[in-house]
Structure formats: structure tokens, C-alpha cells
Amino acid sequence: MKNIIVVFGVLLLLYSCGSSQKSSNTDGSNSKEVKLDVTSYAETITSGELKDYLFTFADDKFEGRDTGEPGQKKAAEFLKEQYKRMGISSPLGDDDYYQEIPESYFRGGIKSSENVLAYIKGVEKPNEIVVISAHYDHVGVDSDGNVYNGADDDGSGTVSILEIAEAFAKAAENGQGPKRSILFLHVTGEEKGLYGSKFYTENPIFPLENTVTNLNIDMIGRIDKDHEEKDKNDYIYLIGSDRLSTELHNISEEVNNEYTKLNLDYTYNAKDDPNRFYYRSDHYNFAKNNIPIIFYFNGVHEDYHKPTDTPDKIEYELMTKRAQLVFYTAWEVANREKRLIVDGIGKE
Ligand SMILES: [Zn+2]
């Protein structure tokens with residue numbers, strides 16, 4: 001809350017300075033005086049808000065968010081409520097934030113489910129879309145009644161998108177809406193086999209040829225074994241950033257060098273990596289359509305896919321920096337003059 005008050009305080013101050021010069025600027029350039037640096041918006045992504053969100057989202061009341069089950073529906077409703085509260089619309093229109101996936105699309109007795117979508121329309125190139133995604137489903141409850149809260153997997157990605165969306169919305173309120181449109185895509189059915197992202201890319205709301213990038217977040221709240229030492233734990237694994245667009249990779253490196261200064265670990269980006277993480281989360285459904293992607297990931301840990309993946313174990317300060325890295329990258333891709341160049345097709 002504190003950061004938001006500071007931003008609005010600065011806004012008021014700058015606005016009053018700007019308006020006094022209004023008459024001397026006939027080209028509308030006085031709007032420059034009210035423009036805030038991107039960091040002002042990034043700083044609205046706070047560890048306190050992420051923590052509040054995640055303690056709600058990874059609570060037992062969502063029953064492990066199993067695809068097609070009541071807990072997942074409650075989670076979808078929660079996400080929709082947050083977007084409505086923030087005044088962020090849906091690309092589907094009116095009150096409809098759900099892309100329905102029929103039962104017939106799934107295998108193995110999974111009931112119908114839904115992706116949750118929200119978006120901010122671009123001010124200059126609204127037809128070009130930047131997709132920020134995370135799956136909001138998890139694996140439910142076991143036969144002994146243990147709830148799999150999935151705080152890291154992928155509550156962390158889910159609530160990070162809410163905070164990223166809020167940051168873009170605040171910029172838009174201040175006349176600094178993104179040039180290109182941003183789609184906040186919460187996919188279902190990931191744990192059952194990447195169903196939600198597959199369905200979206202087969203039934204896209206915006207044509208895939210206009211989709212500039214997909215930044216996918218799946219687990220960014222924890223520290224894995226290889227980074228437990230104090231001087232090593234300020235890290236995030238990036239996967240896929242250089243595969244389809246050198247420019248996307250460079251943007252990601254540049255904004256990190258300038259703002260977030262995390263150790264970007266490319267271990268799992270190796271083409272011969274036996275874990276094959278590049279193929280194992282939702283970004284892959286975009287990548288296979290030649291859309292440049294970045295997958296943000298903290299690696300696996302002892303609570304991975306266990307009932308002990310709970311919100312009290314999340315590193316909130318670190319998660320905030322990681323979410324801010326996604327925000328800065330999306331901001332740059334959405335606002336630069338030219339669309340990202342895709343130069344990596346066929347190089348695999
Ligand atoms: Zn996951």
C-alpha cells in the first residue's frame with residue numbers, strides 16, 4: 001500500500017507542474033512531465049501483496065485446484081474477482097473472463113474447465129499481443145485428504161501475474177498504457193498435460209500471428225538445492241529465451257542488468273538437458289507455433305508436487321524481484337518501436 005501512495009503523491013505533484021506549462025506546449029508534449037519511470041510501476045509489485053494473495057490462493061479452501069473440480073472453479077472465481085476489483089477488463093467482453101474448455105477436449109474423465117483471461121488494450125498497436133501466462137490448476141487432494149496447495153506450483157506464477165497486471169493498469173491510468181496489448185492468461189489443466197495452453201493456442205482469442213511473445217511463469221517462489229548457499233540464491237532459471245528471438249533474449253538480459261540484477265541461470269536451457277523443461281510447461285504450446293517465449297522457473301525442490309508446497313515456505317522478496325523481471329521484460333517488448341524479430345525458426 002505504501003508504494004502506491006507514494007506513486008500517487010508523485011503523480012499529483014508532477015501533474016500540477018505539468019499543467020502549469022500546458023499553454024506553452026501546443027504539441028501535447030507537456031504530457032512528458034507526468035510520465036513516470038517504469039520503476040515506479042514495477043515497485044507496485046510488492047512482497048506484501050504477493051504474500052497476501054498467495055496465502056489466500058494456496059489455502060485449503062481451494063482444495064488443491066484440481067482441473068474441473070470445485071476447488072479449481074473457486075480459484076477461477078477468485079482470479080476474476082481480482083481483475084474486476086482492479087478494473088481490468090476481459091478480452092471476451094462484459095463480465096465473461098472465462099474461456100470454456102469442454103469436457104470432450106480432455107482425456108481420462110476430467111470435467112469441463114476454463115482458462116481465465118484479462119487484458120489491457122494497447123494504445124498504439126492494439127492488434128499485437130504480449131501474453132503473460134501461468135497455470136492456476138494443481139493436483140487436488142489425495143485419498144487421505146491431504147490438500148496439495150501448490151503455493152509454488154503455480155500459485156507463485158498466478159499471483160505474480162495479478163501484481164504485474166496491476167502495475168500495467170496503474171501505468172494505463174496515468175496515460176502510459178502499453179503500446180501493444182497485454183493478455184494475462186491463467187491456464188487450466190497444466191498438471192494433466194498442458195491442456196489449457198494447448199486449447200488457447202488452438203482457439204486463440206487473438207490470432208497467433210499477432211502474438212509477439214509469451215512470458216510463462218511456472219514456480220518462482222522457492223530456491224532449489226543448487227542455489228541454497230547465501231551468495232547463490234538471488235537467481236532464476238530462464239529457459240527458451242534465445243531459441244526463437246535473439247532480440248527477446250537481449251531485452252531480458254538488458255532489463256535484468258539495469259533493474260533486477262538477478263543471476264540468470266541458463267542451465268536448463270541447454271538443448272541436451274535431460275529434464276527437457278522446455279517442453280514441460282505451457283510456453284511450449286506457443287513456442288511450437290514459432291512464438292518467442294521465456295519460461296521463468298526456480299527449479300524443483302523437496303516440496304515439489306507434495307502437500308508440503310505451502311505459502312509459508314515461499315521466499316517473498318526473491319519472488320518479487322522475479323515477478324518484476326517479468327514485468328520489465330513485458331514492458332520493453334510491449335513498448336518498443338518495432339515488433340520483436342523472430343530469427344530462430346528452424347535452428348533447432
Ligand atoms: Zn507447474
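A residue counts here as buried if 20 or more other C-beta atoms lie within 10 Å of its own, as exposed if 12 or fewer do, and as partly exposed in between, with the C-beta atoms placed from the backbone. The structure is a predicted model, in which local features need pLDDT of at least 70 and side-chain atom pairs count only at pLDDT 80 or more, while totals for chains, interfaces and linings use all residues. Residues are numbered from 1 along each chain as its sequence is written.

The chain averages a pLDDT of 92, and 90% of the residues score at least 70; pLDDT is the predictor's confidence in each residue, from 0 to 100. Over residues 1-33, however, pLDDT stays under 50. Where pLDDT is low, the predicted coordinates should not be read in detail. Of the 348 residues in the chain, 49% are buried, and the chain has 10 helices and eight strands, where helices (H or I, at least four residues) and strands (E, at least two) are DSSP runs numbered from the N terminus.

The sheet is a good place to begin. Eight strands form an open sheet in the order 1-2-4-3-5-8-6-7, with mixed pairing; two strands are said to pair if DSSP finds at least two bridges between them. Strand 1 and strand 7 (263-265) stand at the edges with a single partner strand each, so one side of each is left without a neighbour in the sheet. From one strand to the next, the twist averages 25 degrees, axes being lines fitted to C-alpha atoms, for helices over the stretch in contact, and angles running from 0 to 180 degrees between N-to-C directions.

At one edge, strand 1 (residues 98-101) runs antiparallel to strand 2 and is joined to it by four bridges, and glutamine 99 stands opposite asparagine 115 in strand 2. Strand 2 also pairs with strand 4 (residues 180-187), in the antiparallel sense and over five bridges, with leucine 117 opposite leucine 185 in strand 4. In a regular strand the side chains alternate between the two faces of the sheet. In strand 2 (residues 113-120), eight of the eight residues are buried, and both faces are covered, with Ser113, Asn115, Leu117 and Tyr119 on one side and Glu114, Val116, Ala118 and Ile120 on the other.

At the other edge, strand 6 (residues 235-239) and strand 7 pair in the parallel sense over three bridges, and tyrosine 237 has aspartate 265 in strand 7 as its bridge partner. Helix 5 packs on the sheet, where it touches strand 2, strand 3 (125-135), strand 4 and strand 5 (211-217), and its direction makes about 150 degrees with that of strand 3. Helix 10 also packs on the sheet, touching strand 3, strand 4, strand 5, strand 6 and strand 8 (293-297), and its direction makes about 180 degrees with that of strand 5.

The interior comes next. The largest nonpolar core, a set of buried Ala, Val, Leu, Ile, Met, Phe, Trp, Tyr and Cys residues joined through C-beta atoms within 7 Å, has 86 residues, and those with the most contacts inside it include Ile132, Ile164 and Phe327. Helix 10 (residues 316-335) gives the most to this core, with 11 residues. Leaving out residues up to four places away in sequence, phenylalanine 327 touches Ala42, Ile45, Ile164 and Ala167, a contact being two C-beta atoms, placed from the backbone, within 7 Å.

Helix 7 has six of its eight residues buried, so it is largely enclosed by the rest of the structure, and among what covers these buried residues are strand 1, strand 2 and helix 9 (283-287). Tyrosine 195, found in helix 7 (residues 195-202), is buried, with 26 other C-beta atoms within 10 Å. Apart from neighbours within four places in sequence, tyrosine 195 is in contact with Ile101, Tyr105, Phe106, Thr188 and Gly189.

Some backbone details lie in helix 5 and in the loops. The peptide bond from aspartate 153 to aspartate 154 is cis, with omega near -10 degrees, and aspartate 154 lies in helix 5. Lysine 261, although not a glycine, has a positive phi of about 50 degrees; it lies in the loop between helix 8 (246-260) and strand 7 and is exposed, with 11 other C-beta atoms within 10 Å.
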